[in-house]
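Here is a short note to read beside the structure. Keep the 3D view open and look up each residue as you reach it.

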Amino acid sequence: MTTSAKLWPLAALTVLTFAACSKDRSSGSDTGVASARSGSVDLTGAGATFPYPLYSKWFSDYAAKTGVKINYQSIGSGGGIRQLSEGTVDFGASDSPMKDDEIAKARGGKVLHIPTVLGAVAVTYNVAELKEPLKLSGDVLADIFLGRITKWNDARVAALNPGAALPAKDILVVHRSDGSGTSFIFTDYLSAVSPTWAKAPGKGKEVQWPVGLGGKGNEGVAGQVKQTPGTIGYVELAYAKQNKLPVAAIRNSAGQFVLPSVQGATAAAAGVAEKLDPNTDYRISIVNAPGATAYPISSFTWLLVYENQSDAAKGKKIVDFVRWALTEGEQSAAALDYAPLPAAMATQLDQRLNSIRVGATP
């Protein structure tokens, strides 16, 4: 663990890297899951690191309530998708939805995406001269990360921050050096607000960054930003809050400048949920969502489960757990800096669980 990891107040939570699907985790060993299967557990899962602290609490609370033991390996979204597809775990978890070709390759048949909670990506910076939160629009933010805006006192930045003491210093971009769900959400947003960014580098857990320095994990990006004046980067909301990092207010689709928050992420989901097709598969993006209070760089994280559960006993346990998570479990989200699902969506998802066929073959 690097020295910059001391920024995180709870060493046990260093696996939380927004969505944080690091490449080394995603390609990690399956031995943890294999050993878990040999133990006295009822269900095994693997995947996204971002929701791990909340999932860990859920699994503990659920075991205390029902006696059902769930072992979850936080190895990254890519690893979770791979292990679910290969049938080495009972469920997966991901911060980015599976692609059609990934679903087609899954050995267990059709995969359902069940949103559990939401997260937000915060833009953090190191500009000592600023006494109020920096304000940024999507197009300006994209041009900063494209290397087109290179000075803090650039006219476009100044226009968004009237009266602010913006220095005539270079802007130094810091981005993730590892593949991550945080980068997927951030670049998904930049692609939505900037046609230039959408063409290249586009969106993904890993992209070819035009400019800047790389940092591994949230702690790597935050460490670079905190130690180097003039920098700007992005980290997950929970990490920014718990480490008291300065964060920018981002102009949303309604024209309002909104700071990242649990409430803003939930509002982003609510604005999209109202327009969802009843038959949606929930593989949806909520970046730049409608609504005056919506924070524009927000996303779901998903549990991945097979629609056909050939093992009837395990299938029932999965359905029962997810149903509990969408009701009682959601109540724990905000306290751990996750945004709970809008109530209407949680109800829709509870009904969608009825489509899981327990005891069925792929």
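The points below cover empty space, one helix pair and a few backbone details.

1. **Status of the model.** This is a predicted model. Please read every value below as computed from that model.

2. **The enclosed space.** Rolling a probe the size of a water molecule over the atoms shows where empty space is left. How many cavities of 30 Å³ or more does the count give? The count comes to 1 cavity. The largest cavity holds about 40 Å³ of space.

3. **The cavity wall.** Which residues line the largest cavity? They are L43, F91, L303, V305, I318, F321 and V322. Select them together in the viewer. By class the lining has 7 nonpolar residues, no polar ones and no charged ones. Two elements, β11 (298-306) and α13 (312-325), each supply at least two residues of this lining. The largest share, 3 residues, comes from α13.

4. **The open pocket.** Now turn to the largest pocket. Its volume is about 330 Å³, and its lining has 19 residues. Which of these lie nearest the centre of the pocket? They are S96, P97, K99, F184 and K203. The elements that give two or more residues to the lining are α8 and β11. The pocket lining is mixed in class: 8 nonpolar, 5 polar and 6 charged residues. The cavity lining, by contrast, has no polar and no charged residues.

5. **A helix pair.** Two packed helices are described by the angle between their axes and the distance between the axes. Take helix α6 (residues 138-146) and helix α8 (residues 181-193). The angle is about 115°, and the axes are 9 Å apart. The crossing of α6 past α8 is left-handed.

6. **Where the pair meets.** On the α6 side, the contact uses G138, D139, L141, A142 and F145. On the α8 side, it uses F186, Y189, L190 and V193. By class, the contact between α6 and α8 has 7 nonpolar residues, 1 polar and 1 charged.

7. **A serine in α8.** S191 also sits in helix α8. Is S191 buried or exposed? Its relative accessible area is 17%, so S191 counts as buried, the cut-off being under 20%. Leaving aside neighbours within four places in sequence, S191 is in contact with W197, A198, G202 and K203. K203 has come up before, among the residues nearest the centre of the largest pocket.

8. **Backbone exceptions.** Most residues other than glycine have a negative phi, and most peptide bonds are trans. The next two points list cases that depart from this.

9. **A cis bond.** Which residues does the cis peptide bond join? It joins A200 and P201, with omega about 10°. P201 lies in the loop between α9 (195-199) and β7 (213-215).

10. **Positive phi values.** K244 is not a glycine, yet its phi is positive, near 55°. K244 lies in the loop between α11 (237-242) and β9 (249-251). K244 is exposed, because its relative accessible area is 74% and the cut-off is over 50%. D337 is not a glycine either, and its phi is positive at about 70°. D337 is in the loop between α13 and β13 (339-340). Here the relative accessible area is 13%, so D337 is buried. Thus K244 is exposed, whereas D337 is buried.

Technical notes: Residues numbered from 1 in each chain as written. Predicted model: local features only at pLDDT ≥ 70, side-chain atom pairs only at ≥ 80, totals over all residues. Heavy atoms only, no water. 1 Å grid on protein atoms, 1.4 Å probe; cavity = no way out; pocket = protein on both sides within 12 Å on 5 of 7 lines; lining within 4 Å. Points joined across faces, edges and corners; volume = space filled by probe spheres on them. Helix = DSSP H or I, 4+ residues; strand = E, 2+ residues; numbered from the N terminus. Nonpolar A, V, L, I, M, F, W, Y, C, P; charged D, E, K, R; others polar. Axes fitted to C-alpha atoms, helices over the stretch in contact; angles between N-to-C directions. Left-handed = near helix turned anticlockwise from the far one by under 90°. Contact = heavy atoms within 4.5 Å. Buried < 20%, exposed > 50% of the residue type's maximum accessible area, 1.4 Å probe, protein only.
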